[in-house]
Number of protein chains: 2
Amino acid sequence: MAAKKAGGTAVGGPDTGAQRAVEVNLIAVLVAVTGGEPRLMTLDGGKALPSGPFELEHRSLQSGLRDWVEQQTHHPLGYVEQLYTFADRDRAEGVALGRVISISYLGLTREDAARPSGDSWRSWYDYFPWEDWRSGRPPVVDAVILPALNAFANLAATEAVAAQRRQRIALAFGLAGNEWNEELTLQRYELLFEAGLVAEAVRGGGEGGAVLPGREMIADHRRILATGIARLRAKIKYRPVVFELMPPAFTLLQLQRCVEALGGRLVHKQNFRRLVEQQELVEETGETAAELPGRPAKLFRFRPAVELERSIAGTKLPLIRT
Amino acid sequence: MAAKKAGGTAVGGPDTGAQRAVEVNLIAVLVAVTGGEPRLMTLDGGKALPSGPFELEHRSLQSGLRDWVEQQTHHPLGYVEQLYTFADRDRAEGVALGRVISISYLGLTREDAARPSGDSWRSWYDYFPWEDWRSGRPPVVDAVILPALNAFANLAATEAVAAQRRQRIALAFGLAGNEWNEELTLQRYELLFEAGLVAEAVRGGGEGGAVLPGREMIADHRRILATGIARLRAKIKYRPVVFELMPPAFTLLQLQRCVEALGGRLVHKQNFRRLVEQQELVEETGETAAELPGRPAKLFRFRPAVELERSIAGTKLPLIRT
DNA sequence: ATGGGCAATACTCATTCTGAGCATAAGACG
DNA sequence: CGTCTTATGCTCAGAATGAGTATTGCCCAT
């Protein structure tokens, strides 16, 4: 390795020939919401996310990702944002001293009815049944998860560690005065992973304890999915990203169902409308839709300007007015 | 180097000779706040951020980063979070067909008076003078930036592009009914870059137009810094990260000055206190500090529990109470 | 054509948050 | 003892929220 002087000289000096078998992988969490369910593009019978190596032909990371996803799923990629980058020593099985860098992305689209993508779209709650609170607290939480997590906490070597685990459990699952926070998807998955309650954790020959319901994925794809869900759940609250998931015209109820699907919880209808309208995110198209029983609903579209405007709203500090 | 098939199965192929010299670089935006100024750890006379290649010995990306930063700056790294990963084709000057993946991190510490780190700590406003609104709207905005950006907008090939540019300018710099939004540091930098108003943009033999005040950096380090500033400015509003920047005990005014330094704007004192206190982020130590003229201020410390509790607060949807 | 069923919309109301100030308290200093 | 300076307290109006109640339209079955 070239002895590299701090920062100054050209980043990446001469390669001295040390075998630097770094491989860069691109992975996509591609989400759509159809029929009130948040869906995920999967491959390999639902066991994998679309992914592929970053190659020299690719103009950029994003375009590399687009190439792979479109090639593997025949589905165009709309809005894309980077999620996280991580490195693992041993993910590639055959390669000796390799290193894999995985760069993950979140993509949002509309599921295209015209384009048959096989059975590759699946509800993300297939993978995380405990994340769907739309019909109330999922039974699996009390029946299986919490008892198992408590056992995990009690198994800790020291009481300090046990207490810390209980804290984490209480926060992640809304116990002891804490509320359920839908944004903690990743923390919950990691807790369950550490406790050996998901298949991925016991794969490498662990204790093989009781494993929760919820589909398994290869490598750490399920963790990446959890990262994507958490990011999206946080983001819909301050950026109008739902846009990307909705058809050009929609009723407010459809919009609400979409938000509920993503968040995994129900929202107050009247207040939701008030919120949407006062933020001026949408405007009436003039049409109405009457597919459901009941009074027909007005159709809305997103205000074109919004994409730029609102999107950059930012939150608040107690500023001084000058 | 192995050619890898999509989706995880590693297929060891012969090295075809295609030079896949992927190099992975770790870069740190290391921030501290001292004397009411947000400071940045730099190297190479302030032209570079601490960085170094990710190597096989490193246990993880983060530990690799820590190694480099501690080696280059002799300063320990506290809180760390990943910022962004990007790839460039041509960053390495000498290497033929190389690719550089840069993974950037934001780190927060306290500047250690005991440990002399040379002149390596610099105010981040040295690099972005237009980002500091604490003493009012910086003169450079009206005197230089806006005229130059307007010229840039007018130079657009089509009126559509020109209009779009004006929109971006108005949003980024708080014109036409928009407020100044301190979180848009990156967007502003990119706008200025595109307009050829920062040194980095004209380096490769551009028009060499008038360049703004503000220190230059190598490669895209300044862009990375802008990313870090934007992230931190956004984050202090919903996560108690200021913690990492404050000494163990502090007055509320000191805390306020720290937040103001980061945000680049002044906050309303009484309301700031109310906010901090009602969130129960801090508790009194019992001591008071009387270094300034005026009534001595109570000293506070962060509530130990906060790190876990509040930190995972999450924002709100109009939820239904069940 | 009439009355129910079902959503969509419209309003209300109490509470909590926020933005802005005014007022008072406590040391330090001449 | 006034005065300067910063720390703290307290007030108040307006905006934002959480939870409901009331009305309005359409379709359908009687």
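**Exercises: loops, rings and helices**

Glu216(A) is partly exposed, with a relative accessible area of 33% (buried is under 20%, exposed over 50% and partly exposed in between, using a 1.4 Å probe and protein chains only). This is a predicted model, in which local features need pLDDT of at least 70, side-chain atom pairs count only at pLDDT 80 or more, and totals for chains, interfaces and linings use all residues. Residues are numbered from 1 along each chain as its sequence is written, chains are lettered from A and ligands numbered from 1 in the order in which they are written, and side-chain values use heavy atoms, without hydrogens and water.

**Exercise 1.** Find where Glu216(A) is placed and which residues it is in contact with, leaving aside neighbours within four places in sequence.

*Solution.* Start with the place: Glu216(A) belongs to the loop between helix H5 (199-202) and helix H6 (221-235) of chain A. (Helices are DSSP runs of H or I with at least four residues, strands are runs of E with at least two, and both are numbered from the N terminus.) Next, list the contacts, meaning heavy atoms within 4.5 Å. Beyond its neighbours within four places, Glu216(A) touches Gly46(A), Lys47(A), Tyr127(A), Ala199(A), Glu200(A), Arg203(A) and Arg222(A). Now take one of these partners: Lys47(A) is 169 residues from Glu216(A) in sequence, yet their C-alpha atoms are 6.6 Å apart.

**Exercise 2.** Describe the backbone and exposure of Ala219(A).

*Solution.* Ala219(A) is also in the loop between H5 and H6 of chain A. Its phi is near 40 degrees, a positive value in a residue other than glycine. For exposure, a relative accessibility of 33% makes Ala219(A) partly exposed.

**Exercise 3.** What geometry do the rings of Tyr189(A) and Phe193(A) have?

*Solution.* First, the count: there are 18 aromatic pairs over all chains. (Rings of Phe, Tyr and Trp, the last by its six-membered ring, pair if their centres lie within 6.5 Å; planes under 30 degrees apart are stacked, over 60 edge-to-face and the rest tilted.) The ring centres of Tyr189(A) and Phe193(A) are 6.1 Å apart and their planes are at 55 degrees, so the pair is tilted. Then look at the backbone: both residues lie in helix H4 (residues 185-194) of chain A, four residues apart, about one turn of the helix. Tyr189(A) is buried at 2% relative accessible area, whereas Phe193(A) is partly exposed at 28%. Finally, widen the view: Phe128(A), Trp130(A), Tyr189(A) and Phe193(A) form one aromatic cluster.

**Exercise 4.** How do helix H4 (residues 185-194) and helix H6 (residues 221-235) of chain B pack?

*Solution.* Their axes are 7 Å apart, at an angle of about 155 degrees. (Axes are lines fitted to C-alpha atoms, for helices over the stretch in contact, and angles run from 0 to 180 degrees between N-to-C directions.) H4(B) is therefore roughly antiparallel to H6(B) (over 145 degrees; under 35 is roughly parallel, 65 to 115 roughly perpendicular and the rest oblique). Among the residues making the contact are Tyr189(B) and Phe193(B) of H4(B), and Arg223(B) and Ala226(B) of H6(B). As a last step, check the ring: Arg223(B) lies over the face of Phe193(B), at 4.9 Å from the ring centre. (This requires NZ of Lys or CZ of Arg within 6 Å of the ring centre and within 35 degrees of the ring normal.)
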